Every structure is written in C-alpha cells, then in structure tokens.
Amino acid sequence: GGAPTELGEPVTMAEVEDHIFGLVVMNDWSARDIQKWEYVPLGPFGSKNFGTTISPWVVTLDALEPFRCPTSAGAQDDPVPQAYIQDPNYGSYDIDLTVAIQPEGKSTPATVCTSNFRNLYWNAKQMVVHHTVTGCNLNPGDLMGSGTISGTEQDSFGSCVELSWGGKNPFALNFTAEEGAADAEAEVVERRFLVDGDNVIMSGRCSSNGLSLGFGTAEGIVLPAKPQV
C-alpha cells in the first residue's frame with residue numbers, strides 16, 4: 001500500500017501504516033523433507049519456492065480497526081526491540097485462524113489447528129519496518145508473510161512439523177460419521193506430514209461486539225510430483 005519508497009530509504013514506525021494496505025490469509029507451502037536436506041549449507045530454497053496460496057479478500061487496516069487488541073505477549077520485554085522497531089502503540093488484531101485438512105475421498109475437512117493473529121510477538125508494522133531497515137524499497141502490491149502463527153497449546157501449532165513434533169508423533173484428523181453412509185462410523189486419520197490429494201484449507205475471521213468479518217479461505221490441493229525423465 002501507499003506510494004513506492006526509494007531504494008536506500010527505510011520506512012519508520014511513524015509512517016509504516018501508510019504502506020500496509022491490508023491483510024490476507026497466506027499459505028507459503030513448505031516441503032519439509034527437501035528443506036531439511038538443502039538447508040545445510042544452502043538454506044531453504046527449492047523447498048519454499050514452488051507455491052504460495054492466499055485468500056480472495058484483502059481486508060484493509062481500516063476494516064480491521066474495530067478488532068485491534070493486545071498481543072498474546074502483552075508487552076515486548078523478551079526480547080526488548082531495538083529502538084528503530086519499537087512500536088509505541090504495540091498491539092495486534094483479533095483474527096481467529098483455522099487450518100483444516102480434507103484428504104482425498106473425504107467429503108468434509110477435519111480441523112487440525114486453531115490459532116490467532118495476536119499470537120505473533122512481532123506485529124505487522126514491525127515486520128515491514130524491519131524489512132526496510134537496510135534500505136529495501138517497497139512497491140504497491142508487495143506481499144509479505146508473517147511466518148507460522150502458533151499458540152502455546154498442541155492444537156494451536158500452525159504447521160505439520162510442529163503438530164507432529166518434527167514427524168515423530170502423528171496427529172489426528174477426526175471425522176464424524178457421515179449420515180446415511182453404509183459404514184456410518186467415526187474415523188480417525190493420522191498424519192505426520194501432508195500426502196498427495198490432501199486439500200489444505202486455511203481461514204480467518206474476526207468477531208467482536210456483533211461485528212463479523214471474514215477473509216475467505218486460502219485453499220490448495222497437494223498434487224503428485226511429476227515423474228523424473
């Protein structure tokens with residue numbers, strides 16, 4: 001959002017909101033097995049550069065204003081931000097976030113994670129200020145990701161690698177019995193990581209004092225890898 005900035009000119013905390021048009025739900029897909037293999041010595045590259053999914057609506061900061069709230073940390077004292085990134089109006093937005101997985105052949109998804117945008121220690125303003133502190137310029141339409149948004153409880157962990165403790169422990173996808181089905185019994189499907197055919201559905205919603213605002217869903221299906229020639 002806002003006018004383009006000049007290369008070499010950092011954005012300050014006082015002006016940063018002029019450069020944030022709004023927020024979306026974003027899934028920056030990660031292939032963790034590839035990431036583990038390549039991150040020493042290269043760092044994440046091929047494991048992160050193959051796809052990004054966002055929700056259909058850009059929700060403006062003006063629309064989010066009624067949902068301002070403290071972060072789950074409350075105050076920034078561990079660590080204390082350096083001066084350039086200190087926010088005198090430190091806070092966040094109360095956005096409920098849900099992640100569900102719908103395996104191939106299932107008619108409904110199963111929720112695997114519920115979190116909230118306020119669980120981020122560094123808010124959106126601080127992220128943009130830090131991004132530009134070395135002089136990186138901004139242009140309208142630039143898309144930035146916050147990183148994984150996890151809470152403190154198991155069901156609020158925002159990625160498969162966290163939910164499964166690095167692949168050590170499977171997590172459950174709980175499905176209720178489908179009405180009218182011949183084998184109408186509840187079923188539990190286990191996952192450590194995503195598999196081909198999984199539909200990942202991320203959503204965000206704000207609700208407060210009779211107001212409700214939705215982001216829509218960021219949704220994508222994991223397809224099989226193309227065969228090597």
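These are my notebook entries on a predicted model, ordered by what I looked up in the structure.

**Entry 1, the sheet**

I began with the strand order of the open sheet, which has 4 strands arranged as β8-β7-β11-β12 and paired in the antiparallel sense. I noted that β8 (110–116) and β12 (211–221) are the edge strands, and because each has a single partner strand, one side of each is left without a neighbour in the sheet. I also looked up the turn between neighbouring strands of this sheet, and on average, with direction ignored, the value is 15°.

I then followed the pairings across the sheet, starting at β8. Strands β7 and β8 run antiparallel and are joined by 6 bridges, and within this pairing I found A100 with T111 in β8 as its bridge partner. On to the next pair, where β7 and β11 are antiparallel over 7 bridges, with T98 standing opposite S203 in β11. Strand β11 (residues 199–208) in turn pairs with β12 in the antiparallel sense over 9 bridges, and there I recorded N199 with I221 of β12 as its bridge partner.

For β7 (residues 96–102) I also looked up the burial, and I wrote down that the strand is mostly covered, with 5 of its 7 residues buried.

**Entry 2, N209 between two strands**

Which residue in the loop between β11 and β12 did I go back to? I went back to N209, which has its place in that loop. Its phi is near 50°, a positive value in a residue other than glycine, and I noted N209 as exposed, because its relative accessible area is 80% and the cut-off for exposed is over 50%.

**Entry 3, aromatic rings**

I counted the aromatic pairs and the result was 2. For Y121 and W122 I recorded ring centres 5.1 Å apart and planes at 85°, so this pair is edge-to-face. On accessibility, Y121 is buried at a relative accessible area of 19%, whereas W122 is partly exposed at 31%. The other entry in my list is F157 with W165, also edge-to-face, with 5.9 Å from centre to centre and 80° between the planes.

I kept both numbers for each pair, since a pair of aromatic rings is described by the distance of the centres and the angle of the planes.

I then looked at the two partners F157 and W165 one by one. F157 counts as buried, at 12% relative accessibility. W165 is found in the loop between α4 (160–163) and β9 (171–175), and its phi is near 50°, which is positive although the residue is not glycine.

A further ring came up when I looked for charges: the charged end of K106 sits over the ring of F175, at 4.9 Å from the ring centre.

**Entry 4, cysteines**

How many disulfides does the count give? The count comes to 0. I checked why for C113: its sulfur lies 9.8 Å from the closest cysteine sulfur, that of C160, which is too far for a bond, as the cut-off is 2.5 Å. Looked up from the other side, C160 is likewise in no disulfide, with the sulfur of C113 as the nearest cysteine sulfur at 9.8 Å. As for their surroundings, C113 counts as buried at 4% relative accessibility, and C160 counts as buried at 19%.

**Entry 5, cis peptide bonds**

I looked for cis peptide bonds and recorded the one from V40 to P41, with omega near 5°. P41 lies in the loop between α1 (32–38) and β3 (53–54). I also recorded the peptide bond from D78 to P79 as cis, with omega near 5°, and the place of P79 is in the loop between β5 (68–69) and β6 (92–93).

**Entry 6, helix α3**

My last look was at helix α3 (residues 124–132), where the buried residues are A124, K125, Q126, V128, V129 and T132. What reaches the backbone nitrogen of K125 at the start of α3? I found a side-chain oxygen of N123, which comes to within 3.2 Å of that nitrogen.

How values were computed
Residues numbered from 1 in each chain as written. Predicted model: local features only at pLDDT ≥ 70, side-chain atom pairs only at ≥ 80, totals over all residues. Heavy atoms only, no water. Pairing = 2+ DSSP bridges. Axes fitted to C-alpha atoms, helices over the stretch in contact; angles between N-to-C directions. Phe/Tyr/Trp six-rings, centres within 6.5 Å; stacked < 30°, edge-to-face > 60°. Buried < 20%, exposed > 50% of the residue type's maximum accessible area, 1.4 Å probe, protein only. Lys NZ or Arg CZ within 6 Å of the ring centre and 35° of its normal. Polar contact = N/O pair within 3.5 Å; in protein donor to acceptor, adjacent residues only side chain to side chain.
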